[in-house]
Amino acid sequence: MTIQVFGHKSPDTDSTGSPIIWAWYLSEIKGTPAEAKLLGEPNTEAAWLLNRWDLPKPAIIEDVADDAAVVIVDTNNPAELPANINGADVQAIIDHHKLVGGLETKGPIDITIRPVACTATIMFDLMGDIDMPDWVKGTMLTCILSDTLEFRSPTTTDHDKAVCEKLAADLGIDIPSYAAEMFAAKSDVSSFSDAELLRMDSKEYAVDGTKFRVSVLETTSPATVLDRKASLMETMTTVASEDGVEQVLLFVVDILNEQSTLLVPNDLVKTVAAKSFDVEVSGDTVVLPGVVSRKKQIIPNLKV
């Protein structure tokens, strides 16, 4: 049986690249047939990754069958996985997020969760000293630079940076120039609808019983997104209703200036901003200096 390897819904660069890396490792190195899958369309930076390293886009799946062999990467949260995930035969989890709970397995499995910035960093360690093709190294490099925002994110560890530097040296790649290309691709969101933007890099999260869709848009051109704030805030109501949450929280992350702008469409979000980030809100946006990481700075601080 071929193992399906996939990350979370609304796949970013890590949840696109890491399944491809691990499926290659299982198939080519371990001799276990495996295929990478996606749980949605990849974002613009992830699409750039596929084009840059000439990789086919993995098939998008809606759900998994009973007893299907799967490996989960870049998440362990059932809310971010197929509806029938507990009916599948989960064989391993590789992740760098906190343990959420709720997954059930049919037997003992391999679980690796480490406090680093990126799943690809963990895979680099797990794979050990093997001969990797350039595209594997390039995919790892792209995933780590994406998740660390080129080492700007507070989730970055010395080990993430060291792995990046080794991969870049092996490939003869200049990290600042390469990252600039990545971030330019990530910032080009002109072809996406407001609803697509709100779901592009998004996770559901409950705070004291209130369900939120917490969305981030990482960009080197925040004005491009903020120029659409009126229509984005209007669309939040529709997206929240369709997705069964109380409110969409959209943080526009300015990569170069290392800050976020939170859109404030109503009193609920105004209260969340004030209580969570100790700021005064006087308009329909609020700037949060230094806040760039959903995992480490946004979600842990949310209060209602």
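The legends below describe close-up views of a predicted model.

**View 1. The open sheet of 5 strands and its edges.** The strands of this open sheet follow the order β7-β8-β9-β10-β11, and their pairing is mixed. Strands β7 (202-207) and β11 (285-289) stand at the edges with a single partner strand each, so one side of each is left without a neighbour in the sheet. From one strand to the next, the twist averages 25 degrees.

**View 2. The pairing of β10 with β11.** Strand β10, which covers residues 259-263, pairs with β11 in the antiparallel sense, and the pairing extends over 5 bridges. Within this part of the sheet, L262 stands opposite V286, a residue of β11.

**View 3. Helices α9 and α10 against the sheet.** Helix α9 (residues 229-243) packs on the sheet and touches β7, β8 (210-219), β9 (247-254), β10 and β11, while the direction of α9 makes about 135 degrees with that of β9. Helix α10, formed by residues 267-277, lies across β8, β9, β10 and β11, and runs at about 55 degrees to β9.

**View 4. The packing of helix α1 with helix α2.** Helix α1 (residues 13-29) packs with α2 at an angle of about 35 degrees, and the axes of the two helices are 8 Å apart. On the α1 side the residues are T13, T16, G17 and I20, which meet E45, A46, L49 and L50 in α2. Sorted by class, the contact of α1 with α2 has 4 nonpolar, 3 polar and 1 charged residues.

**View 5. The surroundings of R52.** R52 belongs to helix α2, which comprises residues 44-52. The relative accessibility of R52 is 35%, and because partly exposed residues are those between the limits of under 20% for buried and over 50% for exposed, R52 counts as partly exposed. When residues up to four places away in sequence are not counted, R52 touches I173 and Y178. R52 and W135 are 83 residues apart along the chain, and their C-alpha atoms are separated by 9.1 Å.

**View 6. Helix α4 and the residue that follows.** Helix α4 (residues 134-148) has 15 residues, which at 1.5 Å a residue should span 21 Å, and this agrees with the end C-alpha atoms of α4, which are 21 Å apart. The helix is mostly covered, with 13 of its 15 residues buried. After α4 comes L149, whose phi is positive, near 50 degrees.

How values were computed
Residues are numbered from 1 along each chain as its sequence is written. This is a predicted model: local features need pLDDT of at least 70, side-chain atom pairs count only at pLDDT 80 or more; totals for chains, interfaces and linings use all residues. Side-chain values use heavy atoms; hydrogens and water are left out. Two strands pair if DSSP finds at least two bridges between them. Helices (H or I, at least four residues) and strands (E, at least two) are DSSP runs, numbered from the N terminus. Axes are lines fitted to C-alpha atoms, for helices over the stretch in contact, and angles run from 0 to 180 degrees between N-to-C directions. Contact means heavy atoms within 4.5 Å. Buried means under 20% relative accessible area, exposed over 50%, partly exposed in between (1.4 Å probe, protein chains only). The expected span of a helix is 1.5 Å times one less than its number of residues. Ala, Val, Leu, Ile, Met, Phe, Trp, Tyr, Cys and Pro count as nonpolar, Asp, Glu, Lys and Arg as charged, and the others, Gly among them, as polar.
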